[in-house]
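Biologist: Please choose one part of this model for a close look, and set it in the context of the whole chain before you describe it. I work at the bench, so please spell out your cut-offs as you go.

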Amino acid sequence: MTPDLFDQNSAVAAVLALADGAVVLRRFALGRAEALVRHIETVQSQAAFRQMKTPGGYTMSAAMTNCGRLGWVTDRTGYRYQSTDPQSGEPWPAMPALFSRLAGDAACAAGFDEFAPDACLINRYRPGARMSLHQDKNERDFGQPIVSVSLGLPVVFQFGGLRRNDRPQRVLLEHGDVVVWGGPSRLRYHGVLALKPGQHPLTGECRFNLTLRRAD
Ligand code: MD3
Ligand code: FE
């Protein structure tokens, strides 16, 4: 279904093709931002944000939680998706319909029909938190895009190539921005620079990033 570009819930202020398959929908989530943040608070009351450990023994500076049938986790044994929260042993909170609808609308606007995410990783950045260059490759089907939603404080995003050493482009991701990463961009290296201190009216001193994925 083609979303109405002038719908108050998903007005596209600007569409930018970053690269083949990577589409920035500036402010696409703005009309739904307050509801998205309320849902993040509900999820975190059931599955708290935590700083996970990498297989190499580092503690990630971004805190994470998940909702949906599957959640992404890392620990000393590796990276994977699993259906339960390792901290509680309980299933992850259900994916709010708003999340899957937004992801489907954004994917559709970027030319990927019928995107049905089964996992949503929620990252929380406080000042100084960052994410170093990596590829997302724990999902089963790289033909499926990933939809990311930025909320709160802005951050400089790094978008590299298919090799770790390809020089990344820098893109500012701001409150309400949605990016669809598919096609040949799906396996490109990416990361975010350290969050600068600030105050956002909706999220305070932090940035949230939702990544909606088809893991299985
Ligand atoms: C490009 N998150 O959770 S979102 C991640 O801002 C992650 O929290 C960052 O990278 C964040 O894995 C970046 C943008 C993003 C997400 C997934 C991608 C860019 C991507 C997958 C493939 C290519
Ligand atoms: Fe990533």
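Modeller: The radius of gyration is taken here over C-alpha atoms, and the globule rule it is compared with is 2.2 Å times the number of residues to the power 0.38. For the 216 residues of this protein chain, that rule puts a compact globule near 17 Å, and the chain has 16 Å, which agrees. Please keep in mind that this is a predicted model, in which local features need pLDDT of at least 70 and side-chain atom pairs count only at pLDDT 80 or more, while totals for chains, interfaces and linings use all residues, and that side-chain values use heavy atoms, with hydrogens and water left out. Residues are numbered from 1 along each chain as its sequence is written, while chains are lettered from A and ligands numbered from 1 in the order in which they are written.

Along the principal axes, the C-alpha atoms fill a box of roughly 45 × 40 × 35 Å. The chain has two helices and 13 strands, where helices (H or I, at least four residues) and strands (E, at least two) are DSSP runs numbered from the N terminus. Of the 216 residues, 53% are buried; buried means under 20% relative accessible area, exposed means over 50%, and partly exposed lies in between, with a 1.4 Å probe and protein chains only. Contact means heavy atoms within 4.5 Å, and among the contacts with a separation of 6 or more, 71% join residues 24 or more positions apart.

The part I have chosen is the iron ion (ligand 2), whose protein donors are H134 (NE2), D136 (OD) and H190 (NE2), at 2.0 to 2.2 Å from the ion. Donors are N, O and S atoms within 2.8 Å of the metal (3.2 Å for Na, K and Ca), and water is not among the atoms, so sites may look incomplete. Written along the sequence, the donor residues follow the spacing H-x1-D-x53-H. H134 belongs to strand 7 (residues 131-134) and H190 to strand 12 (residues 190-192), so this pair ties together parts of the chain that are 56 residues apart in sequence. H190 counts as buried, because its relative accessibility is 16%.

The strand that carries H134 also holds M131, which is buried at a relative accessible area of 14%. Setting aside residues up to four places away in sequence, M131 touches M60, A62, M64, N123, Y125, G191 and V192; two of these, G191 and V192, fall within the residue range of strand 12. By contrast, M131 and C120 are eleven residues apart in sequence, yet their C-alpha atoms are 17 Å apart in space.

Beyond strand 12, L193 is found in the loop that runs from that strand to strand 13 (207-213), and its relative accessible area of 25% makes it partly exposed. Leaving out neighbours within four places in sequence, L193 is in contact with A129, R130, V155, V156, Q158 and R170. Its C-alpha atom is separated by 6.9 Å from that of V155, although the two residues are 38 apart along the chain.

On the other side of the pairing, P127 sits in the loop between strand 6 and strand 7 and is partly exposed, with a relative accessible area of 32%. P127 touches L195, P197 and E205, again not counting residues up to four places away in sequence. The C-alpha atoms of P127 and P197 are separated by 4.9 Å, with their positions 70 residues apart along the chain.

Two residues elsewhere deserve a check of their backbone. R27, in the loop between strand 2 (22-26) and helix 1 (33-46), has a positive phi near 65 degrees and is partly exposed at 27%. E114, in the loop between helix 2 (97-109) and strand 6 (119-125), has a positive phi of about 60 degrees and, at 77% relative accessibility, counts as exposed. Most residues other than glycine have a negative phi. The loop that holds R27 also contains R32, which counts as buried at 7% relative accessibility.
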